[in-house]
Amino acid sequence: MYDTEQSPGPARIELPKSPTGIQGLDEITLGGLPGGRTTLVVGRAGSGKTLLGIEFLVHGALDFGEPGVFISFEETPGDLVQNVASLGYDLNDLCERNLLAIDHVEVSRSDIIETGEFDLEALFIRLGYAIDSIGAKRIVLDTIESLFSGLTNTGILRAELRRLFFWLKDKGVTAVVTGESGEVTMTRHGLEEYISDCVILLDHRVDDQISTRRLRVVKYRGTVHGTNEYPFLIDEGGFSVLPITSAGLLHTVSSERVSSGVERLDAMLDGEGFYRGSTIMVAGTPGTGKSTFAAHFLNAACLRGEKCLYFSFEESPDQIVRNMRSIGIDLAPHIESGLLEIHSSRPTMYGLEMHLVMLFKQIRERQPEVVVIDPLSDLSAIGTTKDVKVMLTRLIDYLKTNRITALFTHLLHTQEEMAPSDLAVSSLIDTLIQLLDVESAGERNRGLYVLKSRGMGHSNQIREYRITDGGIQLVDVYVGPAGMFMGTARLMQEAKERAEAQARNEEIAARQRELELERNALEARIAALQNEFASREEELQRMIEAESRRQKMIDAGTRAIERLRKADDDKKVQATRGETGVER
Amino acid sequence: MTNTEEMASEENGEKWILRLYVAGQTPKSLAAFANLKRICEEHLAGRYEIEVIDLLEHPQLARGDQIFAVPTLVRKLPPPLRKIIGDLSNTEKVLVGLDVQPRR
């Protein structure tokens with residue numbers, strides 16, 4: 001809770017601020033409206049001025065402990081209570097609890113005549129009475145300009161209004177004064193002359209039959225504030241402004257990786273998939289299976305137990321579930337378990353900003369870990385390139401700050417090159433996967449490549465993939481001299497390679513047989529030679545033995561003769577032996 | 001309301017109930033009261049009743065008659081309700097506003 005009475009911080013004295021409790025507005029104004037001062041809210045009829053005022057009071061009463069007074073110059077309290085009941089605000093209850101006081105000041109020219117001098121002291125008394133009765137810290141005057149329609153003496157009126165705003169400041173209440181937009185001046189009766197602290201402009205434009213509400217803080221004295229036009233939304237949850245995240249690129253990044261849900265695609269991304277908190281785009285021409293990639297990614301995230309939000313601009317939730325089931329991805333259990341939430345809407349339902357405000361709202365409420373927008377290009381179609389880029393920058397910044405991994409699909413209309421608007425968006429993307437439709441030899445085949453992926457070494461190969469009963473399957477790559485082979489060409493190439501392999505195998509077998517035969521022949525010859533050698537050896541051996549036997553016999557004979565002759569002349573013996581040897 | 005009816009009501013002696021809202025004894029409120037008194041005496045003698053409400057004392061009463069400026073004169077009776085804002089310095093306008101036929 002903010003203290004509107006004290007200025008915190010000794011170093012720098014900040015204006016005390018009074019938070020509105022309106023999503024986004026407090027971020028733009030860095031804390032809320034100037035506390036104890038008057039803020040002018042300007043807009044045309046139906047731009048949401050009254051609602052802004054009511055929310056300021058309701059949030060003040062319920063969330064910040066500051067009771068408030070609503071002074072209506074137009075609607076009766078009954079109408080007012082009824083109008084905001086649809087937003088879930090029970091004003092009667094607040095009134096009973098003394099958190100809110102409503103006073104209706106009816107100004108109708110028909111039954112009023114002016115004569116002579118007068119002042120608006122009675123109005124001051126009414127305001128003062130209402131403020132004091134509940135100890136109000138906030139007040140809304142809606143629309144004080146009605147006084148101009150009831151009173152002709154504008155000189156007095158202007159002087160009194162000036163006095164009123166001083167008086168409000170004196171009272172120490174934070175006031176919101178609404179005013180109708182004027183033609184020449186900002187408000188029809190120049191209220192901006194009196195209110196110099198803070199001016200907020202509400203706008204409701206219709207471009208190309210699509211209405212967009214925008215809010216701009218025109219001035220805010222004494223404090224910095226966002227000066228852009230911010231789209232805002234009024235729905236069953238009330239008022240919400242598209243918040244701006246930190247304008248810089250200061251988000252911390254994660255080095256944690258998450259799977260793409262397609263195993264072989266992960267392999268192409270450094271083997272691990274996407275970075276958590278990164279922004280991924282899957283771009284492709286119609287029928288390339290962008291949504292299927294998204295479904296894979298969601299399925300994988302849900303299986304990890306992460307909360308997912310799926311924004312579809314083309315198909316209804318039922319249709320998505322049915323179609324994905326047909327290729328083996330069953331999202332229904334994830335929806336039942338509450339992990340996956342699918343939001344389907346037509347892109348033309350709102351303007352671009354409205355869509356983004358809706359996205360923000362959902363994301364903020366649900367705090368998912370994974371967000372899928374399918375397809376992002378539908379948003380581009382309802383805004384200019386510049387708008388889209390500005391808005392997406394905010395969205396992506398927001399997602400990154402909150403570490404939400406986002407996958408956008410993107411429909412390309414041209415096959416080869418990305419359109420300029422697509423490129424404008426693509427610079428915001430961390431990982432861009434391009435899906436291709438390759439047309440050759442009378443058929444279409446699907447291929448993908450990783451166009452870029454920041455912070456990882458990724459494959460540069462074009463891979464063919466097929467959408468099968470089991471989801472997306474990347475198939476092996478066949479690259480030939482004329483490029484990569486896909487589809488039938490790939491099958492032919494496969495067949496051809498199979499045939500070649502077959503032929504090679506046969507060749508090898510033949511050679512092996514030949515070798516075997518040769519070995520056999522050689523071995524046979526070796527055996528024959530060995531046999532021949534063996535028999536020869538035997539014969540020779542026999543001859544050697546016979547010879548040595550004879551020698552022994554001769555030796556024996558010689559010794560016998562010697563004994564007989566009693567001679568022992570060795571020379572003779574030898575000579576005799578030699579003679580006999582020669583003779584023999 | 002036609003002139004004849006108005007005359008008739010006057011002749012019937014119908015009461016005029018006038019309520020003057022002021023915020024304190026300011027010159028404007030004093031002037032308004034004086035002017036009102038004079039006009040009534042001149043044109044509605046004996047048939048009128050003036051009730052002065054000081055909003056400083058009874059702030060809650062401002063709401064009932066939808067008063068946002070002072071002085072404001074409210075013609076409570078006869079109906080319809082009419083309001084005149086200012087110090088009532090222009091007698092002509094007051095008479096038109098109160099729908100009183102001048103006696104002359």
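Two strands pair if DSSP finds at least two bridges between them. The model on screen is a predicted one, and the tour starts at a pair of this kind.

**Stop 1: strand β7 of chain A**

Select residues 138-142 of chain A, which form strand β7. In β8(A), Val140(A) has Val176(A) as its bridge partner. Show residues 174-180 of chain A as well: this is strand β8, joined to β7(A) by 4 bridges, and the two run parallel.

Now add strand β4 of chain A, residues 68-72. This strand also runs parallel to β7(A), with 5 bridges between them. To find a facing pair, pick Ile139(A) in β7(A); Val69(A) stands opposite.

Turn on the side chains of β7(A). Arg138(A), Val140(A) and Asp142(A) point one way, while Ile139(A) and Leu141(A) point the other way. Is the strand mostly covered, or mostly open? It is mostly covered, with 5 of its 5 residues buried.

**Stop 2: the nonpolar core**

Keep Ile139(A) selected and add Ala122(A), Leu298(A) and Val372(A). These four have the most contacts inside the largest nonpolar core, which has 155 residues. Next, select residues 290-303 of chain A, helix α9; with 8 residues, α9(A) gives the most to this core. Colour chain A by domain, 17-241 for domain 1 and 257-478 for domain 2. Both domains give residues to the core, so the core lies between them.

Centre on Val372(A). Which residues are in contact with Val372(A), leaving aside its neighbours within four places in sequence? They are Ala294(A), Phe297(A), Leu298(A), Tyr310(A), Phe311(A) and Leu407(A).

**Stop 3: helix α10 of chain A**

Select residues 317-325 of chain A for helix α10, and mark its buried residues, Ile320(A), Val321(A) and Met324(A). They cover an arc of only 95° around the axis, which puts them on the same side of α10(A). To see what covers these buried residues, show further parts of chain A: the cover includes α9, β16 (308-312), α11 (332-336) and β17 (340-344).

**Stop 4: Arg403 of chain A**

Go to the loop between α14 (385-401) and β19 (405-411) of chain A, where Arg403(A) is placed. Its phi is near 55°, a positive value in a residue other than glycine. Arg403(A) has 15 other C-beta atoms within 10 Å and is partly exposed.

**Stop 5: where chain A touches chain B**

Show both chains. The contact takes 21 residues from chain A and 29 residues from chain B. On the chain A side, the elements that give two or more residues are β6 (112-114) and α5 (121-134). Of these, α5(A) supplies the largest share of that side, 7 residues. Coloured by residue type, the chain A side divides into 10 nonpolar, 3 polar and 8 charged residues.

Stay at the contact and select β6(A) together with residues 82-85 of chain B, strand β4. The two strands run parallel and are joined by 3 bridges. Ile112(A) is one residue to label here: it stands opposite Lys83(B) in β4(B).

**Stop 6: chain B as a whole**

Hide chain A. How many helices and strands does chain B have? Its secondary structure comes to 4 helices and 4 strands. Traced along the sequence, the pattern is α-β-α-β-α-β-β-α. Of the 104 residues in chain B, 35% are buried. Among contacts in chain B between residues at least 6 apart in sequence, 65% join residues at least 24 apart.

**Stop 7: backbone details in chain B**

Three loops hold the remaining selections. Begin with Pro71(B), in the loop between α3 (61-64) and β3 (72-77) of chain B. The peptide bond from Val70(B) to Pro71(B) is cis, with omega near -10°.

Move on to Pro78(B), in the loop between β3 and β4 of chain B. The bond from Leu77(B) to Pro78(B) is also a cis peptide bond, and its omega is near -5°.

End at Leu88(B), in the loop between β4 and α4 (91-98) of chain B. Phi of Leu88(B) is near 60°, a positive value in a residue other than glycine. Is Leu88(B) buried or exposed? The cut-off for buried is 20 or more other C-beta atoms within 10 Å. Leu88(B) has 28 C-beta neighbours inside 10 Å, so Leu88(B) counts as buried.

Methods: Residues are numbered from 1 along each chain as its sequence is written. Chains are lettered from A and ligands numbered from 1 in the order in which they are written. This is a predicted model: local features need pLDDT of at least 70, side-chain atom pairs count only at pLDDT 80 or more; totals for chains, interfaces and linings use all residues. A residue is buried if 20 or more other C-beta atoms lie within 10 Å of its own, exposed if 12 or fewer, and partly exposed in between; C-beta atoms are placed from the backbone. A nonpolar core is a set of buried Ala, Val, Leu, Ile, Met, Phe, Trp, Tyr and Cys residues joined through C-beta atoms within 7 Å. Domain bounds come from an automatic or database domain assignment. Two residues are in contact if their C-beta atoms, placed from the backbone, lie within 7 Å. The arc is that of the directions from the helix axis to the C-beta atoms. Ala, Val, Leu, Ile, Met, Phe, Trp, Tyr, Cys and Pro count as nonpolar, Asp, Glu, Lys and Arg as charged, and the others, Gly among them, as polar.
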